[in-house]
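Subject: Structure handover

Hello,

Here is the structure I promised to pass on. Please open it first, then read my notes below.

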Amino acid sequence: MLIGSNAGVMSVEFDSTGGQIVAASNDLASRVWTVNDQRLRHTLTGHCAKVMAAKFMGEPNKVVTGSHDRTLKIYDLRIRACVETKFAMSSCNDLVTSETVGTTIMSGHFDKRIRFWDTRTEKPHTEIEVQGRVTSLDLSRDCNYLLSCVRDDTLRLVDLRTNKIINTFEADGFKVGCDWTRAVFNLEYDHVAVGSSEGSVFIWAVSNPEKPLVVLKNEHSAPVTAVSWHQFTNNVASVDRSRRAVVWSDV
């Protein structure tokens, strides 16, 4: 068990070595633990509103965070300090990082925009507008595609080679339940999954966005806020706002 946060944890991520975990919290801070001894190593402060996302930036000693205070902050763990603040102009609900798509940080915002940042510049170099608040972002393993969950009750798939939306996933009965609903790719990035406000989990094949491949029902009685695919199997885990977690086998 990793202890140290004083409020709800909004995101969790391992570093590239699997040796550290970073978590963003509603107590205005993010924290880094080492996995082998479960010790709290760093508390990253400076935001003045809840922190919605924290991710390692390709290397285990740098972390970027996104907050409802409309800023992104970059921390260098070697000197235990924030080394850069980017003013995002809107509350950040999620972010992802990559070194291979011509940009380092992609952030999703309350003002219905996905922003693309280079760490060498102060302002975003590209923006994509969608039709609702962006609640989550997920990057395919080959870094060619970005999946966004949007409060207009859709998922949008962006081709990062052209920065164009190429697919929209929607279905009867699917409703995004909150501003931090998380949608994800599977490992092969040929399927996507997301939880719905009425307690179901919707799964689409990327090749067929018009109709869900399967809808998992009857285990949640509250909005499903996050889902995750098992790394080596077709099992899916889901959690809801009533603190219930479910593992679905052989989806």
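The notes go from the whole chain to one sheet, then to single residues.

**Overall**

Please keep in mind that this is a predicted model. The protein has 23 strands and 0 helices. Its C-alpha atoms fill a box of roughly 50 × 40 × 30 Å along the principal axes. The radius of gyration is 17 Å. A compact globule with 251 residues would have a value near 18 Å, so the protein agrees with that expectation. Of the 251 residues, 51% count as buried. I also looked at contacts between residues at least 6 apart in sequence. Of these, 38% join residues at least 24 apart.

**A sheet of 3 strands**

One open sheet runs in the order β21-β22-β23, and its pairing is antiparallel. Which strands form the edges? They are β21 (224-229) and β23 (245-248), each of which pairs on one side only. Neighbouring strands in this sheet are turned against each other by 20 degrees on average, direction ignored.

Now the pairs. β21 and β22 are antiparallel over 5 bridges. A hairpin of 6 residues joins β21 to β22. Strand β22 covers residues 236-240 and pairs with β23 over 4 bridges, again in the antiparallel sense.

Val 239 is a good residue to click on. In β22, Val 239 is the bridge partner of Ala 226. In β23, the bridge partner of Val 239 is Ala 245. As a general point while you look at strands, side chains in a regular strand alternate between the two faces of the sheet.

**Thr 34**

Thr 34 sits in strand β3, residues 30-34. Is Thr 34 buried or exposed? Thr 34 counts as buried, because its relative accessibility is 15% and the cut-off for buried is under 20%. Leaving out residues up to four places away in sequence, Thr 34 touches Gly 19, Gln 20, Arg 39 and Arg 41. With Arg 41 there is a polar contact, side chain to side chain, at 3.0 Å. Arg 241 is another matter. Thr 34 and Arg 241 are 207 residues apart in sequence, and their C-alpha atoms are 28 Å apart in space.

**Lys 55**

Lys 55 belongs to strand β5, residues 51-56. Lys 55 is buried, with a relative accessible area of 10%. What does its side chain reach? The side chain of Lys 55 comes to 2.6 Å from the backbone oxygen of Leu 95. Residues up to four places away in sequence aside, Lys 55 touches Asp 94, Leu 95, Val 96 and Thr 97. Lys 55 also touches Lys 62, Val 63 and Val 64, as well as Glu 13 and Val 22.

**Cysteines**

How many disulfides are there? The count comes to 0. A disulfide needs two cysteine sulfur atoms within 2.5 Å. Take Cys 48. The closest cysteine sulfur is in Cys 82, 12 Å away, so the gap is too far for a bond. Cys 149 also has no bond, because the closest cysteine sulfur, in Cys 178, is 8.6 Å away. What about their surroundings? Cys 48 counts as exposed, at 64% relative accessibility. Cys 149 is buried, with a relative accessible area of 0%.

Best wishes

Terms used. Residues numbered from 1 in each chain as written. Predicted model: local features only at pLDDT ≥ 70, side-chain atom pairs only at ≥ 80, totals over all residues. Heavy atoms only, no water. Buried < 20%, exposed > 50% of the residue type's maximum accessible area, 1.4 Å probe, protein only. Pairing = 2+ DSSP bridges. Helix = DSSP H or I, 4+ residues; strand = E, 2+ residues; numbered from the N terminus. Axes fitted to C-alpha atoms, helices over the stretch in contact; angles between N-to-C directions. Contact = heavy atoms within 4.5 Å. Polar contact = N/O pair within 3.5 Å; in protein donor to acceptor, adjacent residues only side chain to side chain. Rg over C-alpha atoms; globule rule 2.2 N^0.38 Å.
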